[in-house]
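Ready to work through a fold piece by piece? Have your viewer open and try each exercise before reading its solution.

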Amino acid sequence: MTEAERRKKLMKLKQAKLKLNAPTDFPCFLGYMNPKYQLEWFHRVIAEACQKLLEGKIKNLMVFMPPQHGKSEIISRSFPAFAEGYDPDLKIAACSYASDLSEQFSRSVQRIIESPKYQDIFPDTYLASSRKAKDDPTTYIKNLDFFELVGHSGFYKAVGVGGPLTGTPVDIAIIDDPVKDATEAYSPVYRERVWNWYNTVLTTRLHNNSKQLFIMTRWHEDDLAGRILKTEPDEWTVLSIPAICEKENDGGMSHRHVGDALWPDRHSLAKLEKQKNRSPREFSALYQQRPVIEGGNIVKRDWFGRITPADFKALRFNEPIHFYLDTAYEEKKVKTDNDPSGILAACRIGTLVYITHAMKVYKEMPDLLRFLPEYIRAQNGNDESKLHVEPKANGKSVVQMLKAISTLNVKETEPPTDSKETRLKVVSPRIECGRVVLVEGAWNDDFLDEVCGFPALEHDEFVDILGYAINDLYEDDDDIDYDNINVI
């Protein structure tokens with residue numbers, strides 16, 4: 001047997017196995033219906049989650065993924081067809097931001113059901129246009145936006161968000177992106193309209209055993225998914241997959257490392273970084289599934305003052321610059337690290353705190369110990385400068401080793417007793433009244449994105465060290481009445 005003949009035989013065996021399992025296994029169904037469709041790891045994760053929903057192991061599922069990564073192909077086109085084959089009595093309502101898009105999905109589902117390959121594995125699931133239907137005395141409907149399954153009580157109805165579902169009981173409700181674009185997403189009126197439709201139309205068609213399946217690209221923190229998760233977070237399973245990996249192995253779902261692209265063959269890291277640079281806020285929402293409130297969450301961007309490096313240099317006399325370090329939890333390496341060490345340089349002049357620099361580094365202990373004295377010198381530290389280190393994780397070891405091998409003035413910060421969110425809220429009035437000023441530099445945007453995006457973002461090292469800096473530099477000024485201060 002030649003190599004070509006062997007490969008051909010293996011392919012036939014693979015297809016036979018897929019066909020055997022396709023009626024009961026959604027990932028196999030995808031491979032059987034389209035042999036050229038290469039399931040990436042995240043496609044399989046989505047398909048397996050849909051299988052669990054169909055089997056009743058998941059009641060409500062939200063899938064957040066970046067644009068053009070195949071989520072609609074799996075969930076809006078293939079899954080309804082598989083579900084109706086699995087159980088032809090299912091009543092499915094599929095909704096999208098516009099009726100014409102919903103109708104496109106309906107056409108795709110019908111094409112799959114009417115295909116010979118589908119009929120081979122689901123011979124009892126067919127439409128009124130099928131030859132099989134001619135022998136059935138009952139009239140069944142097959143329209144662009146609604147079709148019934150001959151001989152069964154199941155149906156599929158396509159509707160645009162805002163459209164009617166009166167008289168339609170629903171076993172599975174699918175919503176594929178309820179907003180069309182940024183204009184709708186950022187419109188409070190439209191968001192309220194979608195929310196009202198969801199509560200007064202869609203949910204009124206559900207019963208005790210109904211399931212909901214949402215696939216969305218997040219646009220706004222107050223979008224439909226945001227509101228639902230705020231009101232009933234424990235009732236939903238959320239599958240959130242960012243375009244650029246932010247958590248090692250995606251929290252156990254993949255073999256990706258931090259910083260890896262989700263689908264590099266289709267959307268390279270260089271392409272994603274270019275998109276991010278064009279519009280960081282929109283990238284965070286659409287591609288990373290982390291919508292950030294305009295201006296900030298707890299802390300607003302425009303609360304921070306700004307000063308040029310030249311003006312700061314002219315303003316500063318001998319005031320020492322102090323440093324604040326938040327260490328990573330363990331020894332890790334670049335590209336496989338989810339918890340970098342964050343460091344911030346700050347100086348108090350008069351009643352104002354100036355943040356002169358902030359950065360994150362992925363360094364193991366020996367490299368970090370060599371880096372810190374170099375960084376402090378580069379950021380104009382002097383003999384009066386202090387390096388404040390929180391004694392968590394390996395922070396205590398950093399303090400001990402630096403005291404042993406360097407002349408740095410190292411000080412342990414008090415271990416926090418409150419949550420990060422509480423600590424940021426405590427210092428936020430000082431920022432709001434204009435007492436925290438950033439020295440302009442390339443680091444500003446990353447710093448502001450994280451601090452103002454908290455607690456919606458994956459990382460929060462800058463949040464911790466900003467709080468340390470403000471509390472330390474204002475340690476002797478606790479008599480300020482922030483409730484009655486004039487906000488600049």
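The exercises below concern a predicted model, and each task is followed by a worked solution.

**Exercise 1. The open sheet**

Work out the strand order of the open sheet of 7 strands, then find which strands are at its edges.

Solution. Start with the order: reading across the sheet gives β3-β4-β2-β5-β6-β1-β7, and the pairing is mixed. Next, look for strands that pair on one side only; these are β3 (146–148) and β7 (237–240), the edge strands. Going from one strand to the next, the twist averages 15°.

Now take a closer look at one edge. Strand β1 (residues 60–64) runs parallel to β7, and 4 bridges join the two. To place one of these residues, go to F64, whose bridge partner in β7 is S240. Finally, add the helix: α9 (residues 224–231) packs on the sheet and touches β1, β5 (170–176), β6 (206–216) and β7. The direction of α9 makes about 135° with that of β1.

One more step stays with F64. Which residue lies over the face of F64? That residue is R218, at 5.2 Å from the ring centre.

**Exercise 2. A serine in a helix**

Decide whether S102 is buried or exposed, and list what it touches beyond its sequence neighbours.

Solution. First locate the residue: S102 sits in helix α5 (residues 99–114). Then check the accessibility: the relative value for S102 is 1%, and buried means under 20%, so S102 counts as buried. For the surroundings, leave aside neighbours within four places in sequence; S102 is then in contact with A94, C95, S96, Y156, A158, V159 and G160.

**Exercise 3. The two sides of a helix**

Find which residues of helix α14 (residues 395–405) are buried and which residues on the other side are exposed.

Solution. Begin with the buried set, which is G395, V398, V399 and L402. Looking down the axis of α14, these buried residues fall within an arc of 100°, so they line one face of the helix. The background is helical geometry: an α-helix has 3.6 residues a turn, so residues three or four places apart point the same way. Turn to the other side of α14, and there Q400, A404 and I405 are exposed. As a last step, ask what covers the buried residues of α14. The cover includes β9 (322–326), α13 (365–378), β12 (387–389) and β13 (410–412).

**Exercise 4. Classifying aromatic pairs**

Classify the ring pairs W195 with Y198 and F371 with Y375 from their plane angles.

Solution. The model has 23 aromatic pairs in total. For W195 and Y198, the centres are 6.1 Å apart and the planes make 25°, so with stacked meaning under 30 degrees this pair is stacked. Both residues belong to helix α8 (residues 188–202), where they are 3 residues apart, about one turn of the helix. Both also pass the burial test: W195 is buried with a relative accessible area of 18%, and Y198 counts as buried at 4%.

For F371 and Y375, the centre-to-centre distance is 5.5 Å and the angle between the planes is 35°, which makes the pair tilted. In helix α13, F371 and Y375 are separated by about one helical turn because they are 4 residues apart. Here too F371 and Y375 are buried.

To finish, find the aromatic cluster formed by F26, F29, F79, F82, Y86, Y118 and F122.

**Exercise 5. An enclosed strand**

Determine how many residues of strand β10 (residues 341–349) are buried, and which strands pair with β10.

Solution. Count burial first: 8 of the 9 residues of β10 are buried, so the strand is largely enclosed by the rest of the structure. Next come the partners. β9 and β10 pair in the antiparallel sense over 5 bridges, with F323 opposite A345 in β10. β10 also pairs antiparallel with strand β11 (residues 352–361), over 9 bridges; M359 in β11 is the bridge partner of I343. Then trace the connection: β10 and β11 form a hairpin with 2 residues between them, and G350 in the turn has a positive phi of about 65°.

**Exercise 6. A proline in a loop**

Locate P88 and describe its contacts.

Solution. P88 is in the loop between α4 (71–86) and β2 (91–96). With a relative accessibility of 13%, P88 counts as buried. Not counting residues up to four places away in sequence, P88 touches T125, L149, H152, S153 and G154.

Technical notes. Residues numbered from 1 in each chain as written. Predicted model: local features only at pLDDT ≥ 70, side-chain atom pairs only at ≥ 80, totals over all residues. Heavy atoms only, no water. Pairing = 2+ DSSP bridges. Axes fitted to C-alpha atoms, helices over the stretch in contact; angles between N-to-C directions. Contact = heavy atoms within 4.5 Å. Buried < 20%, exposed > 50% of the residue type's maximum accessible area, 1.4 Å probe, protein only. Arc of directions from axis to C-beta. Phe/Tyr/Trp six-rings, centres within 6.5 Å; stacked < 30°, edge-to-face > 60°. Lys NZ or Arg CZ within 6 Å of the ring centre and 35° of its normal.
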